[in-house]
Amino acid sequence: MNHEDFPQGNKAVWEAMAVGLEKKRAYLWTVSSHIGEWLIVNLDVRPGQTILELACGTGDTGFAAAPLLGRTGKLILTDFASRMVEAARRRGAELGLTNVEYRVMDAERMDLPDGSVDGVICRWGYMLMADPAAALRETRRVLRRGGRLCFVVFGSAERNPWAAIPARVLMEGGHMVPPAPEAPGILALGNPARIKQLLANAGFGLPRIEEVPIVFSFDSAEEYWSFLTEIAGALAVVITALPENRQRTVRLAIEDRLASFRKDSGYALPGLCVNVVTS
Ligand SMILES: C[S@@+](CC[C@H](N)C(=O)[O-])C[C@H]1O[C@@H](n2cnc3c(N)ncnc32)[C@H](O)[C@@H]1O
């Protein structure tokens, strides 16, 4: 799917998702904490460091790193959607964290000096950016020499039916145009060859890439539907803009295609993350 096809733009899509992401924050961390923790472990976070998180959403990944930085270290949590940053700020206050700075910042245009951070993390962000090449160049610029970048994107459509099936149903129904090659989207950056090329062009060395499974479990079909319509970015925007009868047809078609992933009264939907660490 191509966020740039939406007249209100990518940023507006994510401002609109902030309420849903905050509401589902605990659920999301339950199914995905192993992905966030992978980033922290592989970044090799040390006390006293300055760590930058890009596209932080409600901030859970960065918050897992904050205690490791100690009182002399600092976490800079950033997202281009101001409502996401506000949600992250509320969560940070709830956790009583005092070594976190919150900033509204577009990863493609970072308001930070050259070489000013020791490490960068980004979970499920780069693939959504209109210009990931620019964002990676900016990342390289703000990282100190020898500093590490750890990020996660989703893998191929075949391995991520939780997102690929709804997208396919929407395209088949004529509600969404097929994405242009390399257009931003949930599944846009799953090809390791493209990741390596983008990183090389931005001045990074050869990355280590690991595939890490994730399971989006839902207790009911209703829960999955609210996940799709409240936090799934462009998919959510397209679905919720449809008249009610069309939404019902779309929902039935999605449920039909996902029947093989039914578990008890809900679903266990498999996904695959592509986890990347650079030096
Ligand atoms: C799928 S959410 C992931 C949020 C969080 N990292 C997590 O793991 O839960 C994607 C996030 O990327 C942010 N985002 C997308 N493009 C961005 C950009 N160019 N600069 C900064 N943030 C961006 C959105 O606002 C949204 O919060």
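This dialogue walks through the predicted model shown above, one feature at a time.

Reader: Where should I begin, and how many helices and strands are there in the chain?

Author: A first look usually takes in the elements and the overall dimensions. The chain has 10 helices and eight strands, and its radius of gyration is 18 Å, close to the 19 Å that the globule rule gives for 279 residues, so the chain is as compact as a globular protein of that length. Along the principal axes, the C-alpha atoms fill a box of roughly 55 × 40 × 35 Å.

Reader: What share of the residues of the chain count as buried, and what share of the contacts with a separation of 6 or more comes from residues 24 or more positions apart?

Author: Of the 279 residues, 57% count as buried. As for the contacts with a separation of 6 or more, 79% of them are accounted for by residues 24 or more positions apart.

Reader: Which residue could show me such a contact between distant parts of the sequence?

Author: Take T61, which is found in helix α3. With a relative accessibility of 3%, T61 counts as buried, and leaving out residues up to four places away in sequence, it touches W29, G36, L39, I40, E53, I121 and R123. One of these, R123, is also joined to T61 by a polar contact of 3.3 Å between the two side chains. You can also compare C-alpha positions: T61 and S33 are 28 residues apart along the chain, while their C-alpha atoms are separated by 7.7 Å.

Reader: How many cavities of 30 Å³ or more are counted, and which residues lie nearest the centre of the largest one?

Author: The count comes to two cavities of that volume or more. The largest cavity holds about 640 Å³ of space and is lined by 36 residues, with W14, L21, R123, W124 and L128 lying nearest its centre. Two or more lining residues come from each of α1 (9-23), α2 (25-43), α3 (60-69), β2 (74-79) and α8 (221-231). Sorted by class, the lining of the largest cavity has 22 nonpolar, seven polar and seven charged residues.

Reader: What lines the second largest cavity?

Author: The second largest cavity, with a volume of about 30 Å³, is lined by Y126, M127, M129, P132, E182, A183, P184, A188, L189 and R194. Its lining divides into eight nonpolar, no polar and two charged residues.

Reader: You named α8 as part of the lining of the largest cavity; why is that helix described as largely enclosed by the rest of the structure?

Author: For any helix, it helps to begin with the geometry: an α-helix has 3.6 residues a turn, so residues three or four places apart point the same way. In the case of α8, eight of its 11 residues are buried, so the helix is largely enclosed by the rest of the structure. The buried residues are A221, Y224, W225, S226, F227, L228, T229 and I231.

Reader: Which residues of α8 are in contact with R251?

Author: R251 lies in helix α10 (residues 244-257). Leaving aside neighbours within four places in sequence, R251 is in contact with A221, E222 and W225, and its side chain makes a polar contact of 3.0 Å with the side chain of E222.

Reader: How should I read a positive phi, and where is there one just after α8?

Author: The general idea is that most residues other than glycine have a negative phi. Just after α8, G233 takes a positive phi of about 55°. Positive values are also seen in residues other than glycine, and A55 is one, with phi near 50°. A55 is found in the loop between β1 (50-53) and α3, and at 25% relative accessibility it counts as partly exposed. E182 is another residue other than glycine with a positive phi, near 70°. This residue lies in the loop between α6 and α7, and with a relative accessible area of 57% it is exposed.

Reader: Is G190, in that loop between α6 (161-172) and α7 (192-201), buried or exposed?

Author: G190 counts as buried, at 18% relative accessibility. Apart from residues up to four places away in sequence, G190 touches F154, G155 and V274. Computed along the sequence rather than through space, G190 and M127 are 63 residues apart, whereas their C-alpha atoms are 8.3 Å apart.

Methods: Residues numbered from 1 in each chain as written. Predicted model: local features only at pLDDT ≥ 70, side-chain atom pairs only at ≥ 80, totals over all residues. Heavy atoms only, no water. 1 Å grid on protein atoms, 1.4 Å probe; cavity = no way out; pocket = protein on both sides within 12 Å on 5 of 7 lines; lining within 4 Å. Points joined across faces, edges and corners; volume = space filled by probe spheres on them. Helix = DSSP H or I, 4+ residues; strand = E, 2+ residues; numbered from the N terminus. Nonpolar A, V, L, I, M, F, W, Y, C, P; charged D, E, K, R; others polar. Buried < 20%, exposed > 50% of the residue type's maximum accessible area, 1.4 Å probe, protein only. Polar contact = N/O pair within 3.5 Å; in protein donor to acceptor, adjacent residues only side chain to side chain. Contact = heavy atoms within 4.5 Å. Rg over C-alpha atoms; globule rule 2.2 N^0.38 Å.
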